[in-house]
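Good morning, colleagues. Please take a moment to look at the model on the screen, and then I shall go through its sheets, one helix and its cysteines.

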Amino acid sequence: MSAKLIDGKAIAEQINQETAAAVQRLKTDHKVTPGLAVVLVGDNPASAAYVGMKDKMCARLGLHSERINLPASTGQGELLAIINDLNFKRSIHGILVQSPLPAQISEDAIFAAIDPTKDVDGFHPLNVGKLALGDLTGFAPCTPAGVHELLIRSGVKIEGAHVVVVGRSRIVGRPVSLILSAKAKNANATVTVCHSRSQNLAGICRSADILVAAIGVTRFVKADMVREGAVVIDVGINRVDGKLVGDVDFDAVKDKASLITPVPGGVGPMTIAMLMHNTVLSAQRRLGVA
């Protein structure tokens, strides 16, 4: 058996088309253009490339975008003042501060300073709390929300499934576990979260109907960790010899899985698609038309 690929590019394009249509409705019916502000501190090449992709997607889908580039020497107070201005700016519906941030700036303080109704990255404590409570009025982080959409739109049965998430980061692992275990439509899974201290990790992974790898270690998930016919979602992005590879040993695992995401072209495109979706959702909520 060879797994069927989950085409993240194609599914992200479906979502992008839906987002573009929603943008057009807001412009036509309410004379409002959803706006996203992205703040980049320093000159990290990967971050700069990622922000550039967001700018292009905003332009393509019809959103207004503002990019604020700051030197790596920027102080925390200066960044907080910029965020405060964006919180009150009516043309901005979504605010994203690109991480990682320089050592002199506390990411926790920055995430907490963003207006939670504009926190389209889903990292404000209020939105994290809402996610934990199953309150759908918050924002879910974009990559975990993208994983959820990949599963739904690929026809994977989540309810009652045993999901094993490898990795407990607050960016991916924890929010994925909360989304999939929620008492809600397209959820209700039994979720096990594994991490560096988990015992019998391979055995736990083999028990998964759906295995989500988000540990940040190149080709960590081997074929002997995957049950025959499981669905495998690879969130990892690692660069090896100039090529992007995931946290799953793709060539070995694809012959055991029923569905699998490639790297690149799997989860990656979904992150930006969900960011655009969240920004439009923020504009809709502000108008009371969500």
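I begin with one pair of residues: Val231 has Leu259 in strand E11 as its bridge partner. Strand E8, residues 231-234, and E11, residues 259-260, pair in the parallel sense over two bridges. Two strands are said to pair if DSSP finds at least two bridges between them, and the elements themselves are DSSP runs numbered from the N terminus, with helices being H or I of at least four residues and strands E of at least two.

Some remarks on the source: this is a predicted model, in which local features need pLDDT of at least 70 and side-chain atom pairs count only at pLDDT 80 or more, while totals for chains, interfaces and linings use all residues. Residues are numbered from 1 along each chain as its sequence is written, and side-chain values use heavy atoms, with hydrogens and water left out.

The E8 and E11 strands belong to an open sheet of six strands, in the order E1-E11-E8-E7-E5-E6, with parallel pairing. E1 (4-5) and E6 (190-194) are at its edges; each has a single partner strand, so one side of each lacks a neighbour in the sheet.

A second open sheet has three strands, ordered E3-E2-E4, and its pairing is also parallel. Its twist averages 15° from one strand to the next. Within it, E2 (residues 35-41) and E4 pair over four bridges in the parallel sense, and Val38 has Leu96 in E4 as its bridge partner. Helix H10 packs on this sheet, touching E2 and E4, and its direction makes about 130° with that of E2. Here, axes are lines fitted to C-alpha atoms, for helices over the stretch in contact, and angles run from 0 to 180 degrees between N-to-C directions; contact means heavy atoms within 4.5 Å.

H10 (268-287) also appears at helix H1, where it is among the elements that cover the buried residues. Those buried residues include Ile11, Ile15 and Leu26. Buried means under 20% relative accessible area, exposed over 50%, and partly exposed in between, with a 1.4 Å probe and protein chains only. Just after H1, Lys31 takes a positive phi of about 55°.

Why are there zero disulfides in the whole structure? A disulfide is a pair of cysteine sulfur atoms within 2.5 Å. The sulfur of Cys194 lies 5.3 Å from the closest cysteine sulfur, that of Cys205, which is too far for a bond. Cys194 is buried, at 1% relative accessibility, and Cys205 is likewise buried, at 1%.
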